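Work through these exercises with the model open beside you. Try each task before you read its solution.

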Amino acid sequence: NASSTLNHKKYGLSATLYNDKIITFGGYTNDTGVGSNLNEVEVFDVKMDSITLQDLKGVIPYQRHFHSSVQHKEYKYVFGGTLNGIQHFMSVLKLNCKTMVWSKLNFFLSERIYGMSITMTNDQIYLFGGAAGLLTNSMYHLDLSNCSCKDDFKNTHCSTYSPSCFNSSCYG
């Protein structure tokens with residue numbers, strides 16, 4: 001048993017492995033009888049058998065659940081998600097797991113989406129399916145080597161906050 005317990009009973013959270021630590025983010029809880037979304041980060045140290053709630057720093061993400069995430073090097077990337085099943089997100093977030101500082105990438109998905117499946121190979125992240133109000137057959141491809149994002153089925157690039165977004169680094 002972990003030396004401390006998870007902060008909340010929850011579902012719809014994401015978990016990734018970084019070194020010997022499992023990094024969880026978000027989720028949905030009904031601990032108090034009133035449902036609420038979370039934006040907390042907890043770190044379970046596998047070797048020490050302990051869990052700690054982290055202080056949020058940087059660009060603090062909105063609470064969400066049913067988002068997707070993947071770990072690449074020291075970064076946890078978080079895609080989409082939903083807030084109470086009403087507000088859906090198109091943002092792409094990044095957590096530096098060394099410093100526990102959040103940042104937002106300079107592009108976003110072309111639709112507000114949650115419940116996607118995600119996989120990764122080398123510097124390539126692929127997101128499949130999910131829901132954007134209705135079920136979708138979208139496939140997104142994020143290339144971390146040049147920080148570009150593409151909706152592969154529509155053959156269009158993901159929307160950007162500024163024309164210079166691809167000059168920014170996905171790693172820094």
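**Exercise 1. Find the bridge partner of Leu-95 in β13, then describe the pairing and the hairpin around it.**

Solution. This is a predicted model.
- Step 1. Start at Leu-95: its bridge partner in β13 is Trp-102.
- Step 2. Widen the view to the two strands. β12 and β13 pair in the antiparallel sense, with five bridges.
- Step 3. Look at the turn. The hairpin of β12 and β13 has four residues between the strands. Met-100 in this hairpin takes a positive phi near 60 degrees.
- Background: strands of a sheet pair through backbone hydrogen bonds, either parallel or antiparallel.

**Exercise 2. Which strand pairs with β12 over five bridges, beginning at residue 75? Decide also how far β12 is enclosed.**

Solution.
- Step 1. Strand β9 (residues 75-79) pairs with β12 in the antiparallel sense, over five bridges.
- Step 2. Pick one bridge as a check: Tyr-77 has Lys-94 in β12 as its partner.
- Step 3. Sort the side chains of β12 by direction. Ser-91, Leu-93 and Leu-95 point one way. Val-92, Lys-94 and Asn-96 point the other way.
- Step 4. Apply the cut-off: buried means under 20% relative accessible area. Both sets are buried.
- Step 5. Conclude. Six of the six residues of β12 are buried, so β12 is largely enclosed by the rest of the structure.

**Exercise 3. Describe the largest pocket: what is its volume, and which residues lie nearest its centre?**

Solution.
- Step 1. The volume is about 160 Å³.
- Step 2. Its lining has 14 residues. Nearest the centre lie Tyr-62, Arg-64, Phe-89, Ser-91 and Lys-104.
- Step 3. Trace the lining back to strands. β12 (91-96) and β13 (101-108) each supply at least two residues.

**Exercise 4. Is Val-59 buried, partly exposed or exposed? Place it in the chain and list its contacts beyond four places in sequence.**

Solution.
- Step 1. Val-59 sits in the loop between β7 (57-58) and β8 (68-72).
- Step 2. Its relative accessibility is 43%. The partly exposed class runs between 20% and 50%, so Val-59 counts as partly exposed.
- Step 3. Leave aside neighbours within four places in sequence. Val-59 then contacts Trp-102, Ser-103 and Lys-104.
- Step 4. Link back to Leu-95. Val-59 and Leu-95 are 36 residues apart in sequence, and 9.5 Å apart from C-alpha to C-alpha.

**Exercise 5. Is Thr-136 buried or exposed? Name its side-chain polar contact with a serine.**

Solution.
- Step 1. Thr-136 lies in the loop between β17 (134-135) and β18 (139-143).
- Step 2. Its relative accessible area is 18%. The cut-off for buried is under 20%, so Thr-136 is buried.
- Step 3. The side chain of Thr-136 makes a polar contact with the side chain of Ser-138, at 2.7 Å.
- Step 4. Beyond four places in sequence, Thr-136 is in contact with Glu-111, Ile-113, Gly-129, Gly-130 and Ala-131.

**Exercise 6. Give the strand order of the open sheet of four strands, and check one pair within it.**

Solution.
- Step 1. The order is β1-β2-β5-β6, with antiparallel pairing.
- Step 2. β1 (14-18) and β6 (50-53) are the edge strands, and each pairs on one side only.
- Step 3. From one strand to the next, the twist averages 20 degrees.
- Step 4. Check β2 (residues 21-25) against β5 (residues 41-45): five bridges join them, and they run antiparallel. Phe-25 stands opposite Val-41 in β5.

**Exercise 7. How many helices and strands does the chain have?**

Solution.
- Step 1. The chain has zero helices and 21 strands.
- Step 2. Add burial: 47% of the 172 residues are buried.

Conventions
Residues are numbered from 1 along each chain as its sequence is written. This is a predicted model: local features need pLDDT of at least 70, side-chain atom pairs count only at pLDDT 80 or more; totals for chains, interfaces and linings use all residues. Side-chain values use heavy atoms; hydrogens and water are left out. Buried means under 20% relative accessible area, exposed over 50%, partly exposed in between (1.4 Å probe, protein chains only). A polar contact is a pair of N or O atoms within 3.5 Å; within protein, one must be able to donate a hydrogen and the other to accept it, and residues adjacent in sequence count only if both atoms are side-chain atoms. Contact means heavy atoms within 4.5 Å. Two strands pair if DSSP finds at least two bridges between them. Axes are lines fitted to C-alpha atoms, for helices over the stretch in contact, and angles run from 0 to 180 degrees between N-to-C directions. On a 1 Å grid over the protein atoms alone, a cavity is a set of points where a 1.4 Å probe fits but cannot get out, and a pocket is an open set with protein on both sides within 12 Å along at least five of seven lines; lining residues have an atom within 4 Å of a point. Grid points are joined across faces, edges and corners, and a volume is the space filled by probe spheres set on the points.
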